[in-house]
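Grab your viewer and a coffee. Below are some exercises with worked solutions, so try each one yourself before reading on.

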Amino acid sequence: MAREFTSVGVVGLGTMGAGIVEVFARNGIDVVAVEISEAALERGRANLTGSTGRAVAKGKLAEADRDALLSRVHFQVGLDALHSVDLVIEAVPEHLDLKQRIFAELDRVCKPEAILATNTSSLSVTEISVATTRPNQVIGIHFFNPAPVMKLVEVVRTVVTSGDVVADVEALCARLGKVDVTINDRAGFIANALLFGYLNHAVSMFEARYATREDIDAAMKLGCGLPMGPLALMDLIGLDTAYEILDTMYRRGGRDRRHAPVPLIKQMVTAGLLGRKSGRGFYTYERPGSPVVVPDEQTPVASESALADGARGIAKVGVVGSGTMATGIIEVFAKAGYEVVSVTRGAEKSAKVFEAVKTSLNKGVVRGKLSETDRDAALGRINWSATLEHLADVDLVVEAVVEELSVKKALFASLDEICKPGVVLATTTSSLPVIDVAMATQRPADVVGLHFFNPAPIMPLVEVVRTIRTSAETTATARAVCAALGKTGVVCGDRSGFIVNALLFPYLNDAVKMLEASYSTADDIDYAMKLGCGYPMGPFELLDVVGLDVSLAIQRELYLELREPGFAPAPLLEHLVTAGYLGRKSGRGFRDHTRR
Ligand SMILES: NC(=O)c1ccc[n+]([C@@H]2O[C@H](COP(=O)([O-])OP(=O)(O)OC[C@H]3O[C@@H](n4cnc5c(N)ncnc54)[C@H](O)[C@@H]3O)[C@@H](O)[C@H]2O)c1
C-alpha cells in the first residue's frame, strides 16, 4: 500500500514553487506554502492567483474549483509551519549552501516520517540529503516549468534513498496526473543535461550577433516545432536560475565548456534582467510576471514596406536541380505566383519533377486547399528546360543540386557567365560554406543562402544565410522573397549548421551519449524531452526519422568547423551507422521499425 499524502509543504513560492503548490491543490491535497518574508509571501500568492486566474479566463478551470483550490493553500512565513505535513518540496534558489541549511532545518521541524524532497535542477540530491539525519527519506522531485502544464516529473533517487520512499513518490506522481521517470543523481538529470547546452549555445549566438533574438527563436520553433524558442525559454526559466544551473552543471558535469555560462547571462543577472519574473530578460514583458511580450528597442519593424526596403523586384525565378528539395521549391514559387524556370539535367528528369509537382499540387486540391484553376495556373507558370542558358533573364536563381562543393562551385561559375547583372544567386546547401560558392562567381555580393526545410511546401521556415560578402540589398531581397512565399525568413551568418542544425544536432548527439552511458533508456529520454520540454518528438524518434547517417554527417561537420570537443560524434552513433542501422529508412535505427 502506497503512503497517503494528505498535506504537503512547499518552500519557496517563486517561478517553480507557486506552480508546484497549484499542482497539489488542484488534486485535492492541502498545501502549506512557505516563504522567507511577508513580501515574498505576497509575491507567491500573486503568482498563484495570477496563474489560476488565467486558467479560469481561458475556461480551463471553473471558478468554484479555483476557489476550492485556493482554500486548500495555507500561506505562512517560516519553516515552523511545516511540522505536520507528510512531504515537503523545497523550491528555493539553486544554491547548495542555502538548500543544505533549509534541509537541516526541515529535518528539525518536520515529523520523523515526513519525506523531504528538493526540486533542484542540477545540484546533488545526495549532498543536500546529508544535511539531514534522514538521508534515506530525501529524494529529488523535479517538476518542469510551468509545473501545472508540463506532464513530466523526474524522480531522483540517491544511493541511500529507500525503495519505499521512491515507490510512494512514484504513486504520488501518478495521482497528480504526471508521468515520472526515475533516475539516479547526476547533474542535470535527463532533460536539463540535454537542454542547457543548447540554451547556452543559443545565447552565445545572440551574444555574437549571429542572428537576432526573434530569428533564433523563430528558427527553433518553426524549424523543429518546439513550443518556444531558446531565448524565450531562458526568460521563462529565469536567467538567475539558468545561470546557477549552468554553473553547477559545468562544475559537476565534467567541465564541459558548453555549460560554462555565456558571459552575457551573468551581465543580465547583475543588471536585474532576470526574464519574465522581473519583467525583462531577452524580451520585455508587460509587467513583472506577465507572459505578454511588448515591443522594445530591439523589436524589428514588421511592416511590408520595411521588409521590402532596399529589396530588388523579383518576378522570374530559376530553380536548378531535380531532387526532393528542388521539386518542393519549384512548387512553392509557382504556387506563390512567380514565373519559374526549372533546369534539370535532361527531359526525363524534368518529366519526373513535373509529375512530382503535379501529384503534390493534386493532393492540395483533394484536401480542399487549392482550387483546380489555381493548380493549373501554378503548373502553367513553370517552364521546363535542360539548359542553364534559359536562366539568362531570371531575377533569382535557387540552386538545389547535389551536396558537393565542386559541383556547386562549377554551377555558380556557369551562372555567373549566363545570368544578367543584378540577379540574386541563392544556394540551398545545408552544410557547405556559402562563401565558397559565392567566390566561384565574380559577384559574391549577390550570392546568399536560402536554406529551405524538407518538405519545402509545408515547412514554414527558411534560413537566409548571408556571407561576409553578401550585400544588404541581396539579404533584403531574400527576406522579401521568403515573406512573399508565406515563409518566415530568418537571417544568420555563414557558419556550419546555420541556426537550426547547429542547435539541434549537438543536442541529439548528447542524447546518444547519455544512452551510451546507460544513464537512462531511449524511451525515458524520449519521454523526458516530450513531456518535460514539449518537444514534438524525442531525440531517438527524431534521429530515426532524420537518418543516423545524415545526423552523423552534420555532427561531423559541426565538430570539424567549430572544434568544440563536446561536439565530437557519439561513438554509438558511429557504430550504428557502420552497422547499417540508419533509422526508419533501413528498418532499424535506435528502434526496430520492421515489427511495427
Ligand atoms: N525555473 C525553472 O524553470 C525551474 C524548473 C525546474 C526546477 N527549478 C528549480 O526550482 C528551484 C527554484 O527555482 P525558481 O526558478 O522557482 O526560483 P525563483 O527565484 O523564481 O524562486 C525562489 C523562491 O524561493 C524563495 N526563498 C529564498 N530563500 C528562502 C527561504 N530560506 N525560505 C523560503 N523561501 C525562500 C524566494 O523568495 C523565491 O520566491 C531551483 O532549485 C531551480 O533549479 C527551476
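**Exercise 1. Two cis prolines**

Where is the place of proline 455? Once you have it, look at the peptide bond from asparagine 454 to proline 455, then find the cis bond at proline 146.

*Solution.* Keep in mind that this is a predicted model.
- Step one: proline 455 sits in the loop between S16 and strand S17 (461–465).
- Step two: going from asparagine 454 to proline 455, the peptide bond is cis, and omega is near -5°.
- Step three: asparagine 145 and proline 146 are also joined by a cis peptide bond, with omega about -5°. Proline 146 belongs to the loop between S6 and S7.

**Exercise 2. A strand with neighbours**

Describe the surroundings of strand S15 (residues 424–427), beginning with its two faces and moving on to its partner strands.

*Solution.*
- Step one, the faces: in a regular strand, side chains alternate between the two faces of the sheet. In S15, Val424 and Ala426 are on one side, Leu425 and Thr427 are on the other, and all are buried. Both faces of S15 are therefore covered, with buried meaning under 20% relative accessible area.
- Step two, one partner: strand S14 (residues 396–399) pairs with S15 in the parallel sense over 4 bridges. Here valine 398 is opposite alanine 426.
- Step three, another partner: strand S16 (residues 447–452) pairs with S15, again in the parallel sense, over 3 bridges. On this side alanine 426 stands opposite valine 448.
- Step four, the connection: S14, helix H16 (residues 405–418) and S15 form a β-α-β unit, and it is right-handed.

**Exercise 3. Reading a sheet from edge to edge**

Take the open sheet of 8 strands. Work out the strand order, say why one side of S3 and of S8 has no neighbour in the sheet, and find the helices that lie on these strands.

*Solution.*
- Step one: the order is S3-S2-S1-S4-S5-S6-S7-S8, and the pairing is mixed.
- Step two: strand S3 (73–77) and strand S8 (179–184) are at the edges with a single partner strand each, so one side of each lacks a neighbour in the sheet.
- Step three: from one strand to the next, the twist averages 25°.
- Step four: strand S5 (residues 115–118) and strand S6 (residues 138–143) run parallel and are joined by 3 bridges. Threonine 118 has glycine 140 in S6 as its bridge partner.
- Step five: helix H4 (residues 96–109) packs on the sheet and touches strand S1 (7–11), strand S4 (87–90), S5 and S6. The direction of H4 makes about 165° with that of S5.
- Step six: helix H20 (residues 522–533) lies across strand S7 (152–157) and S8, at about 130° to S7.

**Exercise 4. Two positive phi values**

Phenylalanine 189 and arginine 255 both have a positive phi. Is each of them buried or exposed?

*Solution.*
- Step one: phi is near 50° for phenylalanine 189, and about 50° for arginine 255, which is not a glycine either.
- Step two: phenylalanine 189 is in the loop between S8 and H7, while arginine 255 is in the loop between helix H10 (239–252) and helix H11 (263–270).
- Step three: phenylalanine 189 has 0% relative accessibility, so it counts as buried. Arginine 255 has a relative accessible area of 51%, so it is exposed, the cut-off being over 50%.

**Exercise 5. Empty space**

Which helix gives the largest share of the lining of the largest cavity, and which gives that of the second largest pocket?

*Solution.*
- Step one: the whole structure holds 2 cavities of 30 Å³ or more, and the largest has about 70 Å³ of space.
- Step two: residues lining the largest cavity include Tyr198, His201, Arg258, Tyr507 and Asp510. Helix H7 (191–207) and helix H19 (500–516) each supply at least two lining residues, and H19 gives the largest share, 5 residues.
- Step three: the second largest pocket has about 1200 Å³ of space and 39 lining residues, with Phe453, Asn454, Asn501, Val546 and Val550 nearest its centre.
- Step four: H19 again provides the largest share of that pocket's lining, 5 residues.

Conventions:
Residues are numbered from 1 along each chain as its sequence is written. This is a predicted model: local features need pLDDT of at least 70, side-chain atom pairs count only at pLDDT 80 or more; totals for chains, interfaces and linings use all residues. Side-chain values use heavy atoms; hydrogens and water are left out. Buried means under 20% relative accessible area, exposed over 50%, partly exposed in between (1.4 Å probe, protein chains only). Two strands pair if DSSP finds at least two bridges between them. A crossover is right-handed if, with the strands pointing away from the viewer, the path from the first strand over the helix to the second runs clockwise. Axes are lines fitted to C-alpha atoms, for helices over the stretch in contact, and angles run from 0 to 180 degrees between N-to-C directions. Contact means heavy atoms within 4.5 Å. On a 1 Å grid over the protein atoms alone, a cavity is a set of points where a 1.4 Å probe fits but cannot get out, and a pocket is an open set with protein on both sides within 12 Å along at least five of seven lines; lining residues have an atom within 4 Å of a point. Grid points are joined across faces, edges and corners, and a volume is the space filled by probe spheres set on the points.
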